Amino acid sequence: MSDLRVRPSRVVISVVAMAAAVAAAVWLSDEAYSAEWLYQAQRGLRDDGFGIIACYAAGIVLGTALHSLLSLRRGRALAAAWGAAGLLLAYGAAVTGVAWLLAEVAPAMSASRHRHDPGALYTTWLVCVLLPVAGAVCAGGLFPRRRTPQPAGRPEPDGPVAVLKSSMVVVSASIGWAIGGIVLILLLIAIVIRLFV
């Protein structure tokens, strides 16, 4: 039963990783006005999209790095977790590419306080498909705890894909896409209405 307890050091690292990811996203958003390439990225993704994507990327890198320190102290291998982080960054790059294409044609947020503003769909979609994954990584999702010893004939998950399959990251991504997929469909409908009506 003691293996199932959450260790305070893991909780502290998770909170620090999440706070650092948000701070990094805020810093990058502010820095975008002084670095041309960041400014172009911010313009291409809109302010909200840039901030969410920056928070995602920072969360993946910082969450993996901080939990790596704890895993090193416990003598665990890091290659599979960092490989999984690389796959998650590639996933983020793919979402960023789609977001870049949608940002220009998606409805913008309106100044009115109308509850059903279609301009919120772009932001909501990015939040759903990126931030749960980053949150899971910051919470140590790429370093799943060993609850019970593996049977002698069955090795522990090895490799980046196995790490992703055995972690809470896949569950977070699935829930995010269950909601985000619906939001994306609504966003595409709003874009079609905006362009053709």
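In this predicted model, Val-15 is found in helix H1, which spans residues 8–31. The side of the helix on which a residue sits often raises the matter of solvent, and here Val-15 counts as exposed, at 51% relative accessibility; the cut-off for that class is over 50%. Although Val-15 and Gly-63 are 48 residues apart along the chain, their C-alpha atoms are separated by 9.6 Å.Helix H1 is one part of a helical whole: the secondary structure of the protein chain comes to six helices and zero strands. Read from one end of the sequence to the other, the pattern is α-α-α-α-α-α. The chain has 197 residues, of which 40% count as buried. Contacts across the sequence were also examined. Among those between residues at least 6 apart in sequence, 79% join residues at least 24 apart.

A good place to look at such contacts is His-67, which lies in helix H2. His-67 counts as buried, because its relative accessibility is 2% and the limit for the buried class is under 20%. Leaving aside residues up to four places away in sequence, His-67 touches Arg-10, Ile-13 and Ser-14, and also Val-137, Cys-138, Ala-139, Gly-140 and Phe-143. For one of these partners, Ala-139, the separation in sequence is 72 residues, while the C-alpha to C-alpha distance from His-67 is 8.5 Å.

His-67 also appears in the lining of a cavity. The search returned one cavity of 30 Å³ or more, and the volume of the largest cavity is about 50 Å³. Alongside His-67, the residues that line the largest cavity are Arg-10, Leu-70, Ser-71, Arg-74, Arg-76 and Phe-143. Two of the names in this lining, Arg-10 and Phe-143, are also among the residues that His-67 touches. Which helix gives the most to the lining of the largest cavity? That is helix H2 (residues 36–73), with three residues. Sorted by class, the lining of the largest cavity holds three charged residues, two polar residues and two nonpolar residues.

Turning to charged pairs, the count comes to one salt bridge. The partners are Asp-48 and Arg-46, whose closest N and O atoms are 3.8 Å apart; this pair qualifies because the cut-off is within 4 Å. The two partners fall into separate accessibility classes. Arg-46 is buried, with a relative accessible area of 16%, whereas Asp-48 counts as partly exposed, at 22% relative accessibility. The boundary between these classes is 20%, so Arg-46 falls under that value.

The cysteines complete the picture. How many disulfides does a search of the whole structure find? The search finds zero disulfides. Cys-138 is accordingly in no disulfide, and the nearest cysteine sulfur, that of Cys-55, is 7.4 Å away. A disulfide calls for sulfur atoms within 2.5 Å, so the 7.4 Å between Cys-138 and Cys-55 does not qualify. Cys-138 is buried, with a relative accessible area of 2%, and is one of the residues touched by His-67. Another cysteine, Cys-128, also counts as buried, at 13% relative accessibility.

Methods:
Residues numbered from 1 in each chain as written. Predicted model: local features only at pLDDT ≥ 70, side-chain atom pairs only at ≥ 80, totals over all residues. Heavy atoms only, no water. Buried < 20%, exposed > 50% of the residue type's maximum accessible area, 1.4 Å probe, protein only. 1 Å grid on protein atoms, 1.4 Å probe; cavity = no way out; pocket = protein on both sides within 12 Å on 5 of 7 lines; lining within 4 Å. Points joined across faces, edges and corners; volume = space filled by probe spheres on them. Helix = DSSP H or I, 4+ residues; strand = E, 2+ residues; numbered from the N terminus. Nonpolar A, V, L, I, M, F, W, Y, C, P; charged D, E, K, R; others polar. Salt bridge = Lys/Arg side-chain N within 4 Å of Asp/Glu carboxyl O. Contact = heavy atoms within 4.5 Å.
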